[in-house]
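Please look at the sequence and the model below, with attention to how the strands are arranged. The report after it takes up the sheet and its pairings.

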Amino acid sequence: MILCLPSVLQNASMETYAITPFWIQVFWLSFLSKSEALAKILGNMIGTFLEVHEDSLNEGWGPFLRMRVEIDVSKPLLRGQFVPFPWMAGELWIDYRYGRLPDFCYECGIIGHVFDKCPLFFEKLDEGIEPNLPYGPWMEGSPLPRSSYDRQLPAVLANVTNSEKGKQILDTTEIIESNNKYLHLLRLNCLSSQSPKGFSFKDQASSSG
Ligand SMILES: [Zn+2]
């Protein structure tokens, strides 16, 4: 079941029902790259960015960045995406996990039906193709913590010597500097175009079906 706020329901149409907010966890971002600006850019690649869960900006809190994003649930869920980052060669695959995900199809990735009710699944069976179920229960992320008891304190720098600290701060400054430059470029790209140049959207979901 998909819940909408009453204000959304007042102007209800098929389109407004299809747009639904989710808390999404983004995994495999490089160390110290998490920031609100990056969350905003990634959120707007997935759908429409609403807010970042501030605790998740802290490296010691967890291995993911969590953001609230409005997504179009009439389309297949994104499992992840290749994203180019300036501080590494090539592109980085990042995984998306969705909090409080309703029933969805492991074959086509669309919310609202399960795979053994899926037209695509039966189409493949009819054609003698073994359906490979590219989605699974692993798409479900952890829900947003409800209380401070669920939160963990940062512990990353606790057992680091002074010289290591110095090196870490230097490394951090370099990463943050290159990160900021990159975010600036991305913002310019996003302003000039709905699908920014230099940003590739190679989702395996859209290519497979
Ligand atoms: Zn389906």
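What follows describes the sheet, its strand pairings and the helix that lies across it.

The model is a predicted one, and the description begins with an open sheet of five strands, in which the order is β2-β3-β1-β5-β4 and the pairing is antiparallel. The edges of this sheet are taken by β2 (48-52) and β4 (80-84), and because each of these has a single partner strand, one side of each is left without a neighbour in the sheet. On average, and with direction ignored, neighbouring strands of the sheet are turned by 35° against each other.

Strands of a sheet pair through backbone hydrogen bonds, in either a parallel or an antiparallel manner. The pairings of β2 with β3, β1 with β3 and β1 with β5 are listed here, each with one bridge between named residues.

| Strand pair | Bridges | Sense | One bridge pair |
|---|---|---|---|
| β2 and β3 | four bridges | antiparallel | F49 and V69 |
| β1 and β3 | nine bridges | antiparallel | I24 and M67 |
| β1 and β5 | four bridges | antiparallel | F27 and D95 |

Strand β3, which spans residues 64-72, thus appears in two of these rows: V69 in β3 is the bridge partner of F49, while M67 in β3 is the bridge partner of I24. For the pairing of β1 with β5, D95 in β5 is the bridge partner of F27.

The remaining element is helix α3 (residues 36-46), which lies across β1 (19-27), β2, β3, β4 and β5 (91-98), and which runs at about 150° to β2.

Technical notes:
Residues are numbered from 1 along each chain as its sequence is written. This is a predicted model: local features need pLDDT of at least 70, side-chain atom pairs count only at pLDDT 80 or more; totals for chains, interfaces and linings use all residues. Two strands pair if DSSP finds at least two bridges between them. Helices (H or I, at least four residues) and strands (E, at least two) are DSSP runs, numbered from the N terminus. Axes are lines fitted to C-alpha atoms, for helices over the stretch in contact, and angles run from 0 to 180 degrees between N-to-C directions. Two residues are in contact if their C-beta atoms, placed from the backbone, lie within 7 Å.
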